[in-house]
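This report addresses selected features of the structure displayed below, from overall dimensions to individual residues.

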Amino acid sequence: MTSLDTLISRRRLIGTLGASAGLAALGLPRIAFAAAPTENRLVVVMLRGALDGLAAVPPYGDSRYPERRANLALPMPGQPDGMLPLDRTFALNAALASIQPMWSAGELLIVPATAGGYHTRSHFDAQDLLEMGLVERHGTPSGWLNRALVDIQGGDRQRRLGLAVGPAVPLMLRGSVAVASWEPPNLKPADPTLLAALAQMYAGDKLLGPALADGIKAQNLSDEVLGSGMMDADGKPRFAKAGGYGPGAFKPMAEAAGGLLAAADGPRVAVIDMGGWDTHVGQGTVKGRLADNLRGLADGLAQLKTSLGPAWGRTVVLIMTEFGRTVAPNGTNGTDHGTASVALLLGGAVRGGRVAGDWPGLSQLEENRDLRMATDLRAVAKGVLRDHLGVAQAHLDTAVFPDSAAVKPLGGLVRA
Amino acid sequence: MNEAIIAASRFGYGAGPDGTHAFAADPRGWLKAQLAPQAPLLPRFAGLPGSAELVVTLQQLRQERRQAKAEAEASPRPSAAGEPQGHQMLPEQRVLRQAVLQETAAKLDAVTTSAKPFVERLVSFWSNHFTVSGVRPIVRPLAGSFEREAIRPHVAGRFEDLVLAAVQHPAMGLYLDNWVSVGPDSRVGQRSTRGLNENLGRELLELHTLGVDGGYSEEDVRALARILTGWSIGGPRVDEPGRFRFVPAIHEPGDKIFLGRRYPEAGMGEGLAAIRVIANHPSTARHVARQLAQHFITDQPPPAAVDRLAQVFMQTGGDLRAVSLALVDQPEAWSSYLQKIKTPFDFVASAIRATGKPLTPEQAINGLNRLGQGLHMAPSPAGWPDDAASWVGPEAVLRRVEWAQAYAGQVGDDVDPAVLTEAVLGDTIAADQHQAIARAESRPIALAMLLASPAFQRR
């Protein structure tokens, strides 16, 4: 027990209070520390590799759609594997069937033709800029969501309302505010004796010390919240196959995120990554890599709703990607790097069942090849942060998205 | 600090159980001597299947699957009578899986036992620079042969040759889709719907040579893609199946303007000329110098060191031996020790090298996957990140501790932790930490502490 006490007191010393197990062990009333500044939840799903927005949410009612998309045009509603109509202009790819009920329930909002305000077709630059909330690289890299947490946490940098789901903390969540992270466990947990010894060893290490302390804390949190659900009947970790890439990797992460966010004293803002969207070759119309990925995304989102339980009613899920893809198929039945894609908002707190923002149409294209941007992703994020999480607009215009006063928040995204 | 430890850990994969006395007298000389102009292929790589052979196997596998599908469609069986045939591995699949295991074993053997660990680190560095990733399943069996055939022979040669070898390797052709990129006005392009694919052209400029701010336009990306049409892979019915092959029928005809220069129609010659230009471009020298400095010095490398390396690159026409020698001569490479965090691969490789106790390829693959850096499985063409922020998350550090514990549990019973700590870390670990290891409650815990210690997690 000595070693565990050591760990707990270490955690206390470095100010990472909030681990329920630790608080219980210290005999302190949980509620005194657990009161979160908001009951609302935000999940940002970052689709890396550039989602083909025209394939995910096809504008089938745009008269130019069949000709512009050529052999990538999806079968019309009603045909075999046909798209699922939303309104007279937009439909969902049939692979997104799992989230279609959310549209009817008014929990799914489409924002077509979205892009960051930057001009690059490099995945890596665009992802960095999108996550930093900038249009040009400058300053020390930190993420817009981390800077938003400064306001949400009311200056308490140790509260850890932010949660990174996956093996690394995405740039969007990196910065001065401490965040929690969770990854599917698949190695035997470290022995407390070893952890206690290492906590000593790492004490003087500015990088590894805090990371280890946070890791221990996150483990306690996830053990308590996810409980015995972590192991299957054979005692093997349930999420052993999770992590990594491919359409199947998203669902278990969404499940875990939902469980952690649902907890009364858990995190409130989570980021989940999903890769595999860079579809240069044979992306297929109905079957193939893109359809599999969309299905994996939709299944994971349905799971997220289930795992959040009643908290779904106070949740906004924002799905975005670094840029769109070319409107016309390339020579290999795929699409190359383009400009605008689509953003989706889902959740019980979303004022959904409708389309927000403008549709620039497929008649005139950016550089004669790409869907033009109608809505800046920063406007969407600002609208959510202001109206759902109460971040002050002055903070949004200057700190969260520097020099962005001209990009007005998109209003009315969430239920009053 | 002990320069021999720095030489071993920063430029290689760390010291072994015998420590550093073999080169302690002249660590810099030891590093430089490893860069012989032409290293012969090591015996550990003999007998591994070549990429051409593997590509042919992949082609056969595709053929078999098509046939099986056609047969199944011709005589459909009721599904209730379904036989468990689906789980049987085809002979081709066995060959490909075997290739992955063999390549993994050879790579691990090289990094953990080679007498030229600096060369091994350079191989890994350049392999990551020209990433081909098994995240695309068809590339998975070829990634090892790519590193062995395209990267390894050129790490102390000319950068231009390295670029050419990487671009012409079938693994790169498949990974970045160039093998199916068809010039719209080519003979094939005119009578089919197939066309141009920009993927290789873009990554070649952005990642491999000029760098994203290297001074090229979208038009240049497309021009390079057009120039490289026809750079493909030989199908089953040609003389040399499975190898790089220039296919004139899909090459976009006509003049191209690339980086302000006109390339008159010259078939494959256009690509050769364009690669020569971009491989020797000043932007490329800076891009490569910066990445090398980031890898061997610090995450934010000192500009002076980057300038000096870029200068050597330009003055020697991209002689990577000269550039690597210059790397050893950078004072910052010696004064900034322990500022780099090891990647999971570095960590696993140096742990095995330290104890001299190997893992099976399956164990190594599993471990690296769990640590988030599957061998040859980088998430994108940009390769694995080379900075601490990307690798030191709370979960990531715990995973390392867990892996250290598991590995130490497996091999720790017959090492002397105190002696090993002295041999591998010398005075780079604080005395009290050394003592804590020596006093740990068991040998496995002591070894796990050594491997997880800050001094071992850094280089």
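The text that follows treats chain B as a whole, a helix pair in chain B, a helix of chain A and two backbone conformations in chain A.

**Overall form of chain B**

The model is predicted. Chain B contains 24 helices and 4 strands. Its C-alpha trace spans about 75 × 65 × 40 Å along the principal axes. A compact globule of 459 residues would have a radius of gyration near 23 Å, and the 24 Å of chain B therefore agrees with that expectation. Of the 459 residues in chain B, 59% count as buried. When contacts in chain B between residues at least 6 apart in sequence are considered, 74% of them join residues at least 24 apart.

**The α21–α22 pair of chain B**

Helix α21 (residues 417-425) of chain B and helix α22 (residues 431-438) of chain B have axes that come within 8 Å and cross at roughly 150 degrees. Because angles over 145 degrees count as roughly antiparallel, α21(B) is roughly antiparallel to α22(B). The crossing of α21(B) and α22(B) is right-handed. From α21(B), the residues B:Pro417, B:Ala418, B:Thr421 and B:Glu422 take part in the contact, and α22(B) contributes B:His434, B:Ile437 and B:Ala438. By character, the residues of this contact between α21(B) and α22(B) comprise 4 nonpolar, 2 polar and 1 charged.

**Helix α14 of chain A**

In helix α14 (residues 393-400) of chain A, the buried residues are A:His395, A:Leu396, A:Asp397 and A:Val400. The elements covering these buried residues of α14(A) include α7 (123-132), α8 (144-152) and α13 (377-389) of chain A.

**Positive phi values in chain A**

Most residues other than glycine have a negative phi. Two residues of chain A with a positive phi are listed here.

| Residue | Phi | Place | Relative accessibility |
|---|---|---|---|
| A:Ala113 | near 55 degrees | strand β4 (residues 108-115) of chain A | 1% |
| A:Asn368 | about 65 degrees | loop between β10 (354-355) and β11 (375-376) of chain A | 66% |

A:Ala113, which is not a glycine, has a positive phi and lies within strand β4 of chain A. At 1% relative accessibility A:Ala113 counts as buried, because the limit for that class is under 20%. A:Asn368 likewise has a positive phi without being a glycine, and its place is the loop between β10 and β11 of chain A. With 66% relative accessibility, A:Asn368 counts as exposed, since that class begins over 50%.

Technical notes: Residues numbered from 1 in each chain as written. Chains lettered and ligands numbered in written order. Predicted model: local features only at pLDDT ≥ 70, side-chain atom pairs only at ≥ 80, totals over all residues. Heavy atoms only, no water. Axes fitted to C-alpha atoms, helices over the stretch in contact; angles between N-to-C directions. Helix = DSSP H or I, 4+ residues; strand = E, 2+ residues; numbered from the N terminus. Parallel < 35°, antiparallel > 145°, perpendicular 65-115°, else oblique. Left-handed = near helix turned anticlockwise from the far one by under 90°. Contact = heavy atoms within 4.5 Å. Nonpolar A, V, L, I, M, F, W, Y, C, P; charged D, E, K, R; others polar. Rg over C-alpha atoms; globule rule 2.2 N^0.38 Å. Buried < 20%, exposed > 50% of the residue type's maximum accessible area, 1.4 Å probe, protein only.
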